[in-house]
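Work through the exercises below with the structure open beside you. Try each task before you read its solution.

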Amino acid sequence: MTYQDYRQLTFTRRDNGVLLITIDRPEKYNAADEQMHGELARVWNDVSADPETRVAVITGAGKAFSAGGDLAMVERMAGDYDRVSHMLKEMSDMVYGIINCEKPIVSAINGVAVGAGTVAALLADVAIVAEDAKIGDGHVKLGVAAGDHAAIIWPLLAGMAKARYYLLTGEMITGAEAERIGMVAKALPREQVLDEALRVADVLATGAQQAIRLTKRTLNNWLRSAGPTFDQSAAYEMLTFMGPDVVEGYSALREKRPPRFPSAQN
């Protein structure tokens, strides 16, 4: 397994079968365009099948983990049935790929994590975040329903009250607060995040492999049981990409102004 056909993910093999995956589009704060979204959707099956990898660590190049969906991609998707249908499949592949990956996954959330990047950040088996990082699911601020990973994992991690609050408002949460409410395993100063993630990966990579993998598989039955909730949320997100609110959402972002969603006008 060489991973040579990936363009926006880079791979570094470390001792003990630890594979470091870096989301590598720093000039765009690692925002996900179609290329990256597709790579994040298929990489987990490759990791699971890779005989040289025992544990994967995912982080972001530069200052961000992943700053959401590329705005140009959002514009191309809006109202385009074929693009939306393709994205729906990739979204499902990404979420279930992480859940079903045989190997443990550790996320080193070194900066802002929004949108598709948050899928890998929070669905990872162990999430370690910078205290000053910002995590969020801003779908509603864009004018689309919260899809991706949100409905399947936020209530399980933080409880329904917090999940409702952050997903309905689209507000961001700091890494320190994410740790406090149970969204992540650890929050640390930014400069310590990757080192700690690699340390945890080494612990997992040198432990009893079948025991660790089967424990992961068992725990993720909680997520599999919520699969229908995810499937519905993903379909609703793609449905709202076909409506007028998303056009106003990305236009407002592009023009750096508050949105005036058509559905909220008299």
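Two strands pair if DSSP finds at least two bridges between them. Helices (H or I, at least four residues) and strands (E, at least two) are DSSP runs, numbered from the N terminus. This is a predicted model, in which local features need pLDDT of at least 70, side-chain atom pairs count only at pLDDT 80 or more, and totals for chains, interfaces and linings use all residues. Residues are numbered from 1 along each chain as its sequence is written, and side-chain values use heavy atoms, with hydrogens and water left out.

**Exercise 1. The whole chain**

Count the helices and strands, then check the radius of gyration against a compact globule.

Solution.
- Step 1: The protein chain holds 13 helices and 10 strands.
- Step 2: The radius of gyration is taken over C-alpha atoms, and the globule rule is 2.2 Å times the number of residues to the power 0.38.
- Step 3: For 266 residues a compact globule would come near 18 Å; the protein chain has 18 Å, so the two agree.
- Step 4: The C-alpha trace spans about 60 × 40 × 35 Å along its principal axes.

**Exercise 2. The sheet of 6 strands**

Give the strand order of the open sheet with 6 strands, and find its edges.

Solution.
- Step 1: The order is 1-2-3-5-7-10, with mixed pairing.
- Step 2: Strand 1 (9-13) and strand 10 (186-188) have a single partner strand each, so one side of each lacks a neighbour in the sheet.
- Step 3: From one strand to the next, the twist averages 20 degrees. Angles run from 0 to 180 degrees between N-to-C directions, and axes are lines fitted to C-alpha atoms, for helices over the stretch in contact.
- Step 4: Helix 1 (residues 34-49) packs on this sheet and touches strand 1, strand 2 (18-23), strand 3 (55-60) and strand 5. Contact means heavy atoms within 4.5 Å. The direction of helix 1 makes about 175 degrees with that of strand 2.

**Exercise 3. Two pairings in that sheet**

In which sense do strand 1 and strand 2 pair? How do strand 5 and strand 7 run?

Solution.
- Step 1: Strands of a sheet pair through backbone hydrogen bonds, either parallel or antiparallel.
- Step 2: Strand 1 and strand 2 are antiparallel, over 5 bridges. Leu9 has Ile23 of strand 2 as its bridge partner.
- Step 3: These two strands form a hairpin with 4 residues between them. In the turn, Asn16 has a positive phi of about 65 degrees.
- Step 4: Strand 5 (residues 105-109) and strand 7 (residues 126-130) run parallel, joined by 4 bridges. Ile109 is bridged to Val129 in strand 7.

**Exercise 4. The sheet of 4 strands**

Find the edge strands of the open sheet with 4 strands.

Solution.
- Step 1: The order is 4-6-8-9, and the pairing is mixed.
- Step 2: Strand 4 (66-67) and strand 9 (173-174) are the edges, each pairing on one side only.
- Step 3: Strand 6 (residues 113-114) pairs with strand 8 (residues 134-136) in the parallel sense over 2 bridges. Ala113 has Ile135 of strand 8 as its bridge partner.

**Exercise 5. Helix 3 and helix 4**

What angle do helix 3 and helix 4 make, and which residues form the contact?

Solution.
- Step 1: Helix 3 (residues 81-100) packs against helix 4 (residues 116-123) at about 15 degrees, with the axes 10 Å apart.
- Step 2: Helix 3 is therefore roughly parallel to helix 4. Angles under 35 degrees count as roughly parallel, over 145 as roughly antiparallel, 65 to 115 as roughly perpendicular and the rest as oblique.
- Step 3: Met94, Val95 and Ile98 of helix 3 touch Ala116, Val119, Ala120 and Leu123 of helix 4.
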